[in-house]
Amino acid sequence: MVNTYCAPETNAAIVPEDERLRVNLCGIDLDNPIIPASGTFGFGREFARLYDLNILGSFSFKGTTAQARFGNPTPRIAECPAGMINAVGLQNPGVAAVKTTELPWIQQHFAKPVMANISGFSLEEYRHVASELADEPAIGWFEVNISCPNVHGGGLNFGSYPETAAEVTAAVREVTDKPLIVKLSPNVTDVAEIARACVDAGADALSVINTLLGMRFDLKMREPVIANQIGGYSGTGVYPVALRMVYQIAGAVNVPIIGIGGISSAEQVVEMMMAGATAVQIGTANLVEPYACPQIIADLPSVMDRYGIARLTDLIKPKQSDQNQKRDLQHSAHEKPDAAPPPDPPVKPTSTLVPGSDPVSNPNSTSAPEQASSANKEYFRGN
């Protein structure tokens, strides 16, 4: 049976609510775990012409900075096998316009908490954007994009090192009590180490992953296709990498994870949750098929039935870090103890005390998208 999800002619959603799809993200209930990703959904206006946004679990709106930004020079989008390269450069109207124009519209058309994706080029900018939006009732969570260059730190991305990732997390934590989600870059040496640093600095959840680095060359021009030369690679090709990183991070921290990267089907949603995600974000798939999210939501119940899943929350198992600790304890219990030291030479028996052996210590550490029109991609995509 093919599930239907909406009637474009009437803009009416016909996906029935299914309580089996409900999850909880940082204390906020979601009707389902499907969240369009920042940079692929704008502020929801364009997609609201196609379907009722309220069938979504939530959505993460366009990455917002202190001032309006045009972004990088064009061309800044390139198709590639199993995905796309983009270097949009955080094009957005700025936080003031988001407050006065975008959020009022969202409140009129979306009856659920929305995720505010924020970016900055300094700690002060992150603090400013977060503080400006902190009291907005439409916002349920802050999602902090740390894949931005630190203009005061030699231009290196904040998300490249545990120390700078933690600094951004702490800076935003200072100005809001709302759930704080840090969006991690995969372009690092040890993503689990950075995840732990963000959690220690106050992150309530993590979004995993942002785009990988990639590029394309124009064979006739013999130069990179996009003006920025290198951009973020996203789409179905990154899915296995994202899945692996979600799994690794789930074993390193005890906070919810939002799985992101190449997801385009209900089956992949289930798989991502098996790896450790509480919710998922759908990104490039929205640019290929604008009805991707409603279709995935409609397909989930039948996929769950096929694989004997009563509720999606059943997939949210105890964190792997807890399981690893239990396994290590069990392993240690079956290890043979180190040999006891040789006895002392015989002495005159003047005491009933006998020598003992030192305990054995065995600590464990866990290591850490048919093509859419280029116009649609250019409009929606932002990193």
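Biologist: How does Cys26 count by relative accessibility, buried or exposed?

Modeller: Buried means under 20% relative accessible area, exposed over 50%, and partly exposed in between (1.4 Å probe, protein chains only). At 22%, Cys26 therefore counts as partly exposed. This is a predicted model, in which local features need pLDDT of at least 70, side-chain atom pairs count only at pLDDT 80 or more, and totals for chains, interfaces and linings use all residues. Residues are numbered from 1 along each chain as its sequence is written, and side-chain values use heavy atoms, without hydrogens and water.

Biologist: What is the phi of Cys26, and where does the residue lie?

Modeller: Cys26 is not a glycine, yet its phi is positive, about 60°. It lies in the loop between β3 (23-25) and β4 (28-30); strands are DSSP runs of E, at least two residues, and helices runs of H or I, at least four, numbered from the N terminus. Ala82, also not a glycine, has a positive phi of about 60°. Ala82 sits in the loop between β6 and β7 (83-86) and, at 35% relative accessibility, counts as partly exposed.

Biologist: Which peptide bond involving Pro75 is cis?

Modeller: The one joining Thr74 and Pro75, with omega about 0°. Pro75 belongs to the loop between α1 (45-48) and β6 (77-80). The bond from Val208 to Ile209 is cis as well, with omega near 15°, and Ile209 is in the loop between β11 (205-208) and β12 (212-214).

Biologist: At what angle do the axes of α7 and α9 cross?

Modeller: Axes are lines fitted to C-alpha atoms over the stretch in contact, with angles from 0 to 180 degrees between N-to-C directions. Those of α7 (residues 266-275) and α9 (residues 292-306) come within 8 Å and cross at roughly 65°.
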